[in-house]
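These entries record what I looked up in the structure shown below. I began with the sheet and went on to the helices, the cores, one pocket and one arginine.

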Amino acid sequence: MGAVAILAVGTVGYVLAARQAVLSLLHHSDFDIHVATDADGLPLLPTSPRIHLHLVEVTSEARADPFMAKFTALRRCLDSCTADLVMLVDADAVAVGPIGEADLLAGLGGRGLAMAEQPDILGSDGG
């Protein structure tokens, strides 16, 4: 079984984007979803038996702190699940169709770690 890790901290808009990402993954996958959030984000996120919330505190002392917090979200997911496949998703990513373990394996292409960039945005000139 696969799992997804998402960071949902920062501005209200960022947390609401993460909420949309989580809802899309609930609809289009059977993955457990691990969301790292702070106390402000907690009431804005949906609930489901497949959603696992992890409280984190992100400082903004250094410019890179919000980016580095994504790795904290990934660590919290890895520490609390037994999934063989874990996908770290940006808060503004939305699943628009079914996604499963076979898709993750295909994306890995036989490697143990892979990174995929969004090639285009639906509804834009490029997509």
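**Entry 1. The central pairing.** I counted two strands as paired if DSSP finds at least two bridges between them. The model is a predicted one. I looked up strand 1 and strand 2 under this rule and found them paired in the parallel sense over 6 bridges. Within this pairing, I noted I33 of strand 2 as the bridge partner of V4.

**Entry 2. The other side of strand 1.** I then turned to strand 4, which pairs with strand 1 (residues 2-8) in the parallel sense over 5 bridges. Here I6 stands opposite V89 of strand 4, and A5 stands opposite L88.

**Entry 3. The whole sheet.** I asked in what order the strands form the sheet. I recorded an open sheet of 4 strands in the order 3-2-1-4, with parallel pairing. Strand 3 (51-55) and strand 4 (85-89) are at the edges; each has a single partner strand, so one side of each lacks a neighbour in the sheet. From one strand to the next, I noted an average twist of 20°.

**Entry 4. The helices on the sheet.** I found helix 1 (residues 12-28) lying across strand 1, strand 2 (32-37) and strand 3, at about 165° to strand 1. Helix 2 (residues 65-80) also packs on the sheet and touches strand 1, strand 2, strand 3 and strand 4. The direction of helix 2 makes about 145° with that of strand 1.

**Entry 5. Faces of the strands.** In a regular strand, side chains alternate between the two faces of the sheet. I therefore examined each face of strand 1 and found both covered: G2, V4, I6 and A8 are buried on one side, and A3, A5 and L7 on the other. Since 7 of the 7 residues of strand 1 are buried, the strand is largely enclosed by the rest of the structure. In strand 4, by contrast, I noted L85, M87 and V89 on a covered face and V86 and L88 on an uncovered one.

**Entry 6. The nonpolar cores.** I asked which residues of the largest nonpolar core touch the most other members. Of its 21 residues, these are V4, I6, V22, L25, I33, V35 and M87. At least two residues each come from strand 1, helix 1, strand 2, strand 4 and helix 3 (101-108). The largest contribution, 6 residues, is from helix 1. For M87, leaving out residues up to four places away in sequence, I listed contacts with A3, V4, A5, F31, I99 and L104. I also recorded a second, separate core of 6 residues, among them L7, V9, A36 and A69.

**Entry 7. A pocket.** I looked up the second largest pocket and noted a volume of about 150 Å³. Its lining consists of L7, V9, G10, T11, Y14, V58, T59, S60, P66, F67 and K70. Helix 2 gives the most to this lining, with 3 residues.

**Entry 8. R19.** I asked whether R19, a residue of helix 1, is buried, exposed or partly exposed. Its relative accessibility is 31%, so I entered R19 as partly exposed; the partly exposed class lies between under 20% for buried and over 50% for exposed. Apart from neighbours within four places in sequence, R19 is in contact with L44, L45 and P46. I also checked R19 against R75: they are 56 residues apart in sequence and 20 Å apart in space, C-alpha to C-alpha.

Technical notes:
Residues numbered from 1 in each chain as written. Predicted model: local features only at pLDDT ≥ 70, side-chain atom pairs only at ≥ 80, totals over all residues. Heavy atoms only, no water. Axes fitted to C-alpha atoms, helices over the stretch in contact; angles between N-to-C directions. Contact = heavy atoms within 4.5 Å. Core = buried A, V, L, I, M, F, W, Y, C linked by side-chain atoms within 4.5 Å. Buried < 20%, exposed > 50% of the residue type's maximum accessible area, 1.4 Å probe, protein only. 1 Å grid on protein atoms, 1.4 Å probe; cavity = no way out; pocket = protein on both sides within 12 Å on 5 of 7 lines; lining within 4 Å. Points joined across faces, edges and corners; volume = space filled by probe spheres on them.
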